[in-house]
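Colleague: I've just opened this one and could use a quick tour. Can we start with a loop and work outwards?

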Amino acid sequence: MSPAEERLLRSLREGEEQAFAELVSTFTPALLRVARIYVRDRAVAEEVVQETWLSVLRGIDRFEGRASFRTWLFRILTNVAKTRAGREGRTVPFSALARQTEDEESPSVAPDRFSPATDRWGGHWASPPSQWDLPESRLLSSELRMRIGEAIESLPATQRTVISLRDVEGWSAEEVCNVLELSETNQRVLLHRARSKVRRELEDYFGKA
Amino acid sequence: MPAQELTCKELVEVVTDYLEGRMPPDRRLLFEEHLAFCSWCVTYVEQMRATIRVAGTLREVDLDPAVRDSMLRIFRDWKEA
């Protein structure tokens, strides 16, 4: 745990609203994202997140800091969300959802972009990727960022969650596996699928060669 | 195709294994050998890195104030209880 996080948790234990507000601002967007894997409805997801924060307040004195606060927090969330989903008759575990979408997957790049296997250069680029003129991150157009946001939103729930936590929120692979109870391999497959699709969206944006 | 070669079509399927550092050393060697002679695949790997970078700019910094307030109400109710 970082010193800043420790200070924040100490303040929370002492009942400071400011500390709670800061944690809420930091973590709620990601909590909502993960909640929505289990409960589709946005309003229900918000209730799940509220219940999670209540459990945090009730349990903060028992949190010993052996796991990171983030891991602890998201463990609570997934338990609350699963209970809620169970009541509503949706109890498919994340790993099973992941397997379902895997079966229907297409290649990372359209097969017709490569030479046919019968060719001397079979399996090599026939229509190769071209270099993008991508500006510095802070200069990216809002149009481009919106398109990428939409591309991520339209991914299957499992892929959307993994790419959101890894690439948008910047979590480590290990943390994502812990919170979503995924194997490392499964996590990587989902991440690959998601990134490949988002790359295709960017390629469309910049125009093919 | 000889076993000791990686085609472009195969390479694009294992880019994430490479970027995540989860490739066995012999596969990694094949991957890097391929990049040494294929500038198209170098471009492809750069595009995947760019994709990660663009995704990283999407982090929501501002929470919807109504949602934030509903979460803060939890705190006040809890403190009063």
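Modeller: Sure. Look at Glu181(A), in the loop between α8 (173-180) and α9 (184-206) of chain A. Keep in mind that this is a predicted model.

Colleague: What is the phi of Glu181(A) like?

Modeller: Positive, at about 55°. Glu181(A) has that value although it is not a glycine.

Colleague: And how accessible is Glu181(A)?

Modeller: Its relative accessibility is 48%, so Glu181(A) counts as partly exposed. The cut-off for exposed is over 50%.

Colleague: Let's step back. How many helices and strands does chain A have?

Modeller: Nine helices and zero strands. Along the sequence the pattern reads α-α-α-α-α-α-α-α-α.

Colleague: What box do the C-alpha atoms of chain A fill?

Modeller: Roughly 70 × 40 × 30 Å, along the principal axes.

Colleague: How much of chain A is buried?

Modeller: Of its 209 residues, 49% are buried. The accessible surface of chain A is about 10300 Å². Carbon and sulfur atoms account for 45% of that surface.

Colleague: What about contacts between residues far apart in the sequence of chain A?

Modeller: Take the contacts in chain A with a separation of 6 or more. Residues 24 or more positions apart make up 65% of them.

Colleague: Show me a buried residue.

Modeller: Try Thr52(A), in helix α3 (residues 42-59) of chain A. Its relative accessibility is 0%, so Thr52(A) counts as buried.

Colleague: Which residues does Thr52(A) touch?

Modeller: Leu73(A), Ile76(A), Leu77(A) and Val80(A). That leaves out residues up to four places away in sequence.

Colleague: Now helix α6. Where is Ile148(A), and is there a residue to set beside it?

Modeller: Ile148(A) sits in helix α6 of chain A. Glu153(A) is also found in helix α6, which covers residues 142-153.

Colleague: Is Ile148(A) buried or exposed?

Modeller: Buried, because its relative accessible area is 0%. Glu153(A), on the other hand, counts as partly exposed because its relative accessibility is 43%.

Colleague: What is Ile148(A) in contact with?

Modeller: In chain A, Val198(A), Glu201(A) and Leu202(A). In chain B, Val54(B) and Leu58(B). Neighbours within four places in sequence are left aside.

Colleague: How many residues along the chain separate Ile148(A) and Glu201(A)?

Modeller: They are 53 residues apart, yet their C-alpha atoms are separated by 7.1 Å. For Glu153(A) and Leu190(A), the sequence gap is 37 residues and the C-alpha to C-alpha distance is 14 Å.

Colleague: You mentioned chain B. How many residues does each chain bring to the contact?

Modeller: Chain A brings 59 residues and chain B brings 44.

Colleague: Which three residues of chain A supply more of its buried area than any other three?

Modeller: Trp125(A), Arg188(A) and Arg195(A). Together they give 13% of the area that chain A buries against chain B.

Colleague: How is interface size usually given?

Modeller: Often as the accessible area lost when the parts come together. Between chain A and chain B, the buried area is about 4700 Å². Carbon and sulfur atoms give 64% of that.

Colleague: How many salt bridges are there across the interface?

Modeller: The rule finds six between chain A and chain B. Arg166(A), for instance, forms a salt bridge with Glu20(B). Their closest N and O atoms are 2.8 Å apart.

Colleague: Last one. How many positive and negative charges does chain A have?

Modeller: Chain A has 31 positive and 33 negative charges. The mean positions of the two sets are 3 Å apart.

Technical notes: Residues are numbered from 1 along each chain as its sequence is written. Chains are lettered from A and ligands numbered from 1 in the order in which they are written. This is a predicted model: local features need pLDDT of at least 70, side-chain atom pairs count only at pLDDT 80 or more; totals for chains, interfaces and linings use all residues. Side-chain values use heavy atoms; hydrogens and water are left out. Helices (H or I, at least four residues) and strands (E, at least two) are DSSP runs, numbered from the N terminus. Buried means under 20% relative accessible area, exposed over 50%, partly exposed in between (1.4 Å probe, protein chains only). Contact means heavy atoms within 4.5 Å. Accessible areas come from the Shrake-Rupley method with a 1.4 Å probe; for residues, only the protein chains shown count as cover. Lys and Arg count as positive and Asp and Glu as negative; His and the chain ends are not counted. The place of a charge is taken as NZ of Lys, CZ of Arg, CG of Asp or CD of Glu. Buried area is the accessible area (1.4 Å probe) that two parts lose on being put together, summed over both. A salt bridge is a side-chain nitrogen of Lys or Arg within 4 Å of a carboxyl oxygen of Asp or Glu.
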